Amino acid sequence: FISKGSLCRGWLFLPEVIAKGEAAPGIVMAHGFAGLKEMGLMGFAERFEAAGFVTLVFDYRFWGESEGEPRNQIFALEMVEDYRNAITWLAKCPEVDPDRIGIWGTSYSGGLCLYVGTHDKRVKAVVAQVPSTLNPDSRRAKALDTWDLVGESLINDRIQRYETGNVNYMKVVAPEGEPCIFPDRDAYEWYMEFKEFAPKWKNEVTVESLEKVREFDPVSLIHLMAPTALMLIAGENDNLVPIKTVKETYNLAKEPKSLSIFPITHFVPYKDPWLSKAAGLATDWFQKHL
């Protein structure tokens, strides 16, 4: 599908239960921070397909098999545009009932789904798994010691881009001691494991992306999402998104809503048994509200 002039590519899962001439509910889904569709999402999409949902899994612009330059940049509001254009494309498929569209996200895309579900009323149900429920206030509180210093470096990068046009990059993950976005052993091991399924994945993100990440707020208007149905699936021991911020987001949201907390860390849900548990909850939620 086209998103702001660039081609986004993905997978479309068509359930066998679709009868000729009948339309099924649809689900749009994409990965989190620097993730590609091949990195653990097929297991979820296959379960949604088996439950009767037409499911679209896509790569954002600038990532994976989708178009867009410069590569590997994370601009939240542009990713929101990709979700919304994916919804438009899916809703026009003859196999899909445009009045029964849900969205699913994980980690950073969980936050994107909260934003999309709040502002795009075509969406009837949202599932956000280990979601990024951080806004500028909570991001700053989480990194008080480095917030101002990082802010200065981002201003310097902005000035340099203006003067030279150069695009600077930073590693997403790295071995201990090397500079990167996620200096976390679990993150490093997860990306290193799942990159084997995604030959187009590169361990880098534009420095400008960090500026956009710091400014994005997916949660402060969450009370406006209702009556769209919201499910949050959180990790009690999440090492990237404090469970406190997920609970605060849930408390701000209006009914219908649901919060399930698993005794897991951030990168666990992409393999069984937790994949099946999380996908099962999501499937039940979509069946109830689509």
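**Exercise 1. Phe62 and Lys4**

Task: In this predicted model, determine whether Phe62 is buried or exposed, and then do likewise for Lys4.

Solution: Begin with the relative accessible area of Phe62, which is 10%; buried means under 20%, and Phe62 is therefore buried. Next, place the residue in the chain: Phe62 sits in the loop between strand S5 (54-58) and H2. Its backbone deserves a further step, for phi of Phe62 is near 80°, a positive value in a residue that is not glycine. Most residues other than glycine have a negative phi. Lys4 likewise has a positive phi, of about 50°, without being a glycine, and it belongs to the loop between strand S1 (2-3) and strand S2 (6-7). The relative accessibility of Lys4 is 52%, and because exposed means over 50%, Lys4 counts as exposed.

**Exercise 2. Cis peptide bonds**

Task: Find which residue is joined to Pro227 by a cis peptide bond, and which to Pro256.

Solution: As background, most peptide bonds are trans. The bond between Ala226 and Pro227 is cis, with omega about 15°, and Pro227 lies in the loop that runs between H7 and strand S10 (229-235). The bond between Glu255 and Pro256 is also cis, with omega about 0°, and Pro256 is placed in the loop between helix H8 (243-252) and strand S11 (257-262).

**Exercise 3. The surroundings of Thr106 and Cys180**

Task: Establish where Thr106 lies and which residues it touches, and then which residues are in contact with Cys180.

Solution: Thr106 lies in strand S6, which spans residues 96-106, and at 0% relative accessibility it counts as buried. Its side chain makes a polar contact of 3.0 Å with the side chain of Gln129. When residues up to four places away in sequence are not counted, Thr106 touches Ala30, His31, Gly32, Leu41, Gln129, Val130 and Tyr270. Turning to Cys180, one finds it in the loop between strand S8 (169-170) and helix H6 (185-194), where it counts as buried at 10% relative accessibility. With neighbours within four places in sequence left aside, Cys180 is in contact with Met170, Lys171, Val172, Val173 and Ala174. The C-alpha atom of Cys180 is 24 Å from that of Leu41, a residue 139 places away along the chain.

**Exercise 4. Two helix pairs**

Task: Work out why H5 and H7 are oblique to each other, and how the residues of the contact of H2 with H3 divide into nonpolar, polar and charged.

Solution: The axes of helix H5 (residues 144-164) and helix H7 (residues 207-215) come within 9 Å and cross at roughly 130°. Angles over 145 degrees count as roughly antiparallel and those from 65 to 115 as roughly perpendicular, so H5 and H7 are oblique to each other. On the H5 side the contact includes Trp147, Asp157 and Arg161, and on the H7 side it includes Val207, Glu208 and Arg214. The residues of this contact divide into 5 nonpolar, 1 polar and 7 charged.

For the second pair, the axes of helix H2 (residues 76-91) and helix H3 (residues 108-119) come within 10 Å and cross at roughly 65°, and H2 passes H3 in a right-handed crossing. Among the contacting residues are Leu77, Tyr83 and Arg84 of H2, together with Ser109, Leu112 and His119 of H3. The residues of the contact of H2 with H3 divide into 11 nonpolar, 2 polar and 1 charged.

Technical notes:
Residues numbered from 1 in each chain as written. Predicted model: local features only at pLDDT ≥ 70, side-chain atom pairs only at ≥ 80, totals over all residues. Heavy atoms only, no water. Helix = DSSP H or I, 4+ residues; strand = E, 2+ residues; numbered from the N terminus. Buried < 20%, exposed > 50% of the residue type's maximum accessible area, 1.4 Å probe, protein only. Contact = heavy atoms within 4.5 Å. Polar contact = N/O pair within 3.5 Å; in protein donor to acceptor, adjacent residues only side chain to side chain. Axes fitted to C-alpha atoms, helices over the stretch in contact; angles between N-to-C directions. Parallel < 35°, antiparallel > 145°, perpendicular 65-115°, else oblique. Nonpolar A, V, L, I, M, F, W, Y, C, P; charged D, E, K, R; others polar. Left-handed = near helix turned anticlockwise from the far one by under 90°.
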